[in-house]
Amino acid sequence: MKLIALNLPRDFTEQELAELFKAHGNIKSCTLVLDAGTGKSKGFGFVEMALAHEGEAAIKALHGSKVGKEKIRVKQAD
DNA sequence: GATGAGCGT
């Protein structure tokens, strides 16, 4: 279950991304997409959940949730 | 960051 999290705050870290999703399921792996040049977040990242139902739960729980100053969007990536 | 939506070093 691969998830993509959009509209993340620019100061968000991969660590925080992991903590956010770990609260709703077991993370297999997570990736915060960074800009090659600046090293800053591009504002989105991927999270691989161990189980499909955990991914669904994470989407329902986190999609539209307030993170920092923006509401993030969470969708299934694949 | 910025029109909003978006699928990666």
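Reader: What makes K28 part of a strand, and which one is it?

Author: In this predicted model, K28 sits in strand β2, which covers residues 27–34. A strand here is a DSSP run of E with at least two residues, so the stretch 27–34 with K28 in it goes by that name.

Reader: Why is K28 called exposed?

Author: Its relative accessibility is 55%. The label exposed needs a value over 50%, so K28 counts as exposed.

Reader: Which residues does K28 touch, once its neighbours within four places in sequence are left aside?

Author: K28 is in contact with E48, M49 and A50. Contact is used for heavy atoms within 4.5 Å. As for E14, that residue is 14 residues from K28 in sequence, and the two C-alpha atoms are 13 Å apart in space.

Reader: Let's turn to T13. Where is T13, and why is it called partly exposed?

Author: T13 lies in the loop between β1 (2–6) and α1 (14–22). Its relative accessibility is 33%; partly exposed is the class between 20% and 50%, so the label fits T13. There is a partner along the chain to look at too: L32 is 19 residues away from T13, with 6.9 Å between their C-alpha atoms.

Reader: N7 is in the loop between β1 and α1 as well. What is notable about the phi of N7?

Author: Phi of N7 is near 65 degrees, a positive value in a residue other than glycine. Most residues other than glycine have a negative phi. With a relative accessibility of 30%, N7 counts as partly exposed.

Reader: Why is S65 buried or exposed, by its value?

Author: Buried, and here is the step: S65 has 19% relative accessibility, and buried means under 20%, so S65 falls in that class. S65 lies in the loop between α2 (52–62) and β4 (66–67). Leaving aside neighbours within four places in sequence, S65 is in contact with E70, K71 and I72.

Reader: How many aromatic pairs are there, and how do you know what kind of pair F44 and F46 form?

Author: The structure holds one aromatic pair. It is made by F44 and F46, whose ring centres are 6.1 Å apart with 75 degrees between the planes. Pairing needs centres within 6.5 Å, and edge-to-face needs planes over 60 degrees apart, so F44 and F46 pair edge-to-face.

Reader: What class of accessibility do F44 and F46 get?

Author: F44 has 26% relative accessibility and counts as partly exposed. F46, at 28%, counts as partly exposed.

Reader: Now the whole chain. How many helices and strands does chain A have, and in which order do they run?

Author: Chain A has two helices and six strands. From the N terminus on, the order is β-α-β-β-α-β-β-β.

Reader: What makes chain A as compact as a globular protein of its length?

Author: Its radius of gyration is 11 Å, close to the 12 Å that the globule rule gives for 78 residues, so chain A is as compact as a globular protein of that length. Along the principal axes, the C-alpha atoms fill a box of roughly 35 × 25 × 20 Å. Of the 78 residues, 38% count as buried.

Reader: What share of the contacts in chain A between residues at least 6 apart join residues at least 24 apart?

Author: That share is 59%.

Reader: And the surface and charges of chain A, what are they like?

Author: The accessible surface is about 4600 Å², with 51% belonging to carbon and sulfur atoms. Chain A has 12 positive and 10 negative charges, and their mean positions are 6 Å apart.

How values were computed. Residues are numbered from 1 along each chain as its sequence is written. Chains are lettered from A and ligands numbered from 1 in the order in which they are written. This is a predicted model: local features need pLDDT of at least 70, side-chain atom pairs count only at pLDDT 80 or more; totals for chains, interfaces and linings use all residues. Side-chain values use heavy atoms; hydrogens and water are left out. Rings of Phe, Tyr and Trp (its six-membered ring) pair if their centres lie within 6.5 Å; planes under 30 degrees apart count as stacked, over 60 as edge-to-face and the rest as tilted. Buried means under 20% relative accessible area, exposed over 50%, partly exposed in between (1.4 Å probe, protein chains only). Helices (H or I, at least four residues) and strands (E, at least two) are DSSP runs, numbered from the N terminus. The radius of gyration is taken over C-alpha atoms; the globule rule is 2.2 Å times the number of residues to the power 0.38. Accessible areas come from the Shrake-Rupley method with a 1.4 Å probe; for residues, only the protein chains shown count as cover. Lys and Arg count as positive and Asp and Glu as negative; His and the chain ends are not counted. The place of a charge is taken as NZ of Lys, CZ of Arg, CG of Asp or CD of Glu.
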